[in-house]
Amino acid sequence: MIHPPARVAWGIWLLGSLVYLVAFFQRVAPAVMTDQLMAEFAIGGAALGNLSAFYFYAYVAMQIPTGLLADRWGPRRLLALGTAVAAAGGALFALAPSLAWAGAGRLLVGASIGVGFVSMLKLSSHWIAPRQFALVSGLLL
């Protein structure tokens, strides 16, 4: 298999990696605003923990379908769609008038970002030389 020039391949990898980096910040966002979320929605620690966990519930649920979707639609299309839905989910979370809307935003973000890692591995297998696959997988993590 012939791979594209290294500069182009690493550029594609960098763009996808930036999406995955934003996913990390989305994952930990509630941890840095616990006081504000608890005050805004008049909730305790258990409800806040559940709100934070909505991200992980959706993220885990998307892992198996993500592989199938990446094979069917392609990783670039899937990653682009996931990024757009994550942006909408982040906006919904930021503008949520109630706890239910904030939870819906976290679910959207978790489900859409759940496609990131698998899509990046698939993109890497197409764009990066096989001898560098372990390197790019490790760098991504």
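This is a tour of a predicted protein model, with a list of what to select at each stop.

**The whole chain**

Start with the full model in view. The protein has 8 helices and 0 strands, so a cartoon drawing shows the pattern α-α-α-α-α-α-α-α when read along the sequence, with helices being numbered from the N terminus. Taken along the principal axes, the C-alpha atoms fill a box of roughly 55 × 25 × 20 Å.

Switch to a surface view. The accessible surface comes to about 8000 Å², and 72% of that belongs to carbon and sulfur atoms. Of the 141 residues in the protein, 36% are buried. Among contacts with a separation of 6 or more, 73% are between residues 24 or more positions apart.

Next, colour the model by pLDDT. The mean for the protein is 91, and 99% of the residues reach 70 or more. Which elements have the lowest and the highest mean pLDDT? Helix 1 has the lowest, at 87, and helix 6 has the highest, at 95. Where pLDDT is low, the predicted coordinates should not be read in detail.

**Helix 1 and its surface patch**

Select helix 1, residues 6-28. Ala6 lies in this helix and is exposed, with a relative accessible area of 52%. Now add Ala129 to the selection. Ala6 and Ala129 are 123 residues apart along the chain, while their C-alpha atoms are separated by 8.7 Å.

Move on to Leu15, also found in helix 1. Leu15 is exposed, at 56% relative accessible area. Select Met120 as well: Leu15 and Met120 are 105 residues apart in sequence, and the distance from C-alpha to C-alpha is 9.8 Å.

Leu21 is another residue to pick in helix 1. Is Leu21 buried or partly exposed? Its relative accessible area is 42%, so Leu21 counts as partly exposed.

Now show the side chains of Leu14, Leu15, Leu18, Leu21, Phe24, Phe25 and Val28. Together they make a nonpolar surface patch of about 650 Å².

**A loop residue with a positive phi**

Select Ala42, in the loop between helix 2 (34-41) and helix 3 (45-61). Most residues other than glycine have a negative phi, and most peptide bonds are trans. Phi of Ala42 is near 50 degrees, a positive value in a residue other than glycine. Ala42 counts as exposed, at 69% relative accessibility.

**The salt bridge**

Side chains of opposite charge can pair when their charged atoms come close. How many salt bridges does the count come to? The count is 1 salt bridge. To see it, select Asp71 and Lys122, whose closest N and O atoms are 2.9 Å apart. The pair links distant parts of the chain: Asp71 is in helix 4 (residues 63-73) and Lys122 is in helix 7, 51 residues apart. Asp71 is exposed, with a relative accessible area of 55%. Lys122 is partly exposed, at 25% relative accessibility.

**A buried arginine**

Go to Arg106 in helix 6, which covers residues 99-113. What is the nearest side chain of opposite charge to Arg106, and how far away is it? It is Glu40, 16 Å away. Arg106 is buried yet has no salt bridge, because a salt bridge requires the nitrogen and oxygen atoms to be within 4 Å.

Show what surrounds Arg106. Leaving aside its neighbours within four places in sequence, Arg106 is in contact with Gln26, Arg27, Pro30, Leu51, Ser52, Phe54, Tyr55 and Phe93.

**Helices 7 and 8**

Select Ser124, in helix 7 (residues 116-127). Is Ser124 buried or exposed? Ser124 counts as buried because its relative accessibility is 3%, and the cut-off for buried is under 20%. Apart from neighbours within four places in sequence, Ser124 is in contact with Trp13, Phe133 and Val136.

Finish at Leu139 in helix 8, residues 133-140. With neighbours within four places in sequence left aside, Leu139 is in contact with Trp10 and Trp13. Trp13 is thus listed among the contacts of Ser124 and also among those of Leu139. Add Ser17 as the last selection: Leu139 and Ser17 are 122 residues apart in sequence and 8.9 Å apart in space, C-alpha to C-alpha.

Notes
Residues are numbered from 1 along each chain as its sequence is written. This is a predicted model: local features need pLDDT of at least 70, side-chain atom pairs count only at pLDDT 80 or more; totals for chains, interfaces and linings use all residues. Side-chain values use heavy atoms; hydrogens and water are left out. Helices (H or I, at least four residues) and strands (E, at least two) are DSSP runs, numbered from the N terminus. Buried means under 20% relative accessible area, exposed over 50%, partly exposed in between (1.4 Å probe, protein chains only). Lys and Arg count as positive and Asp and Glu as negative; His and the chain ends are not counted. Contact means heavy atoms within 4.5 Å. Patches are made of residues with over 30% relative accessible area and no salt bridge: like charges are joined within 9 Å, nonpolar side chains (Val, Leu, Ile, Met, Phe, Trp, Tyr) within 5 Å. Accessible areas come from the Shrake-Rupley method with a 1.4 Å probe; for residues, only the protein chains shown count as cover. pLDDT is the predictor's confidence in each residue, from 0 to 100.
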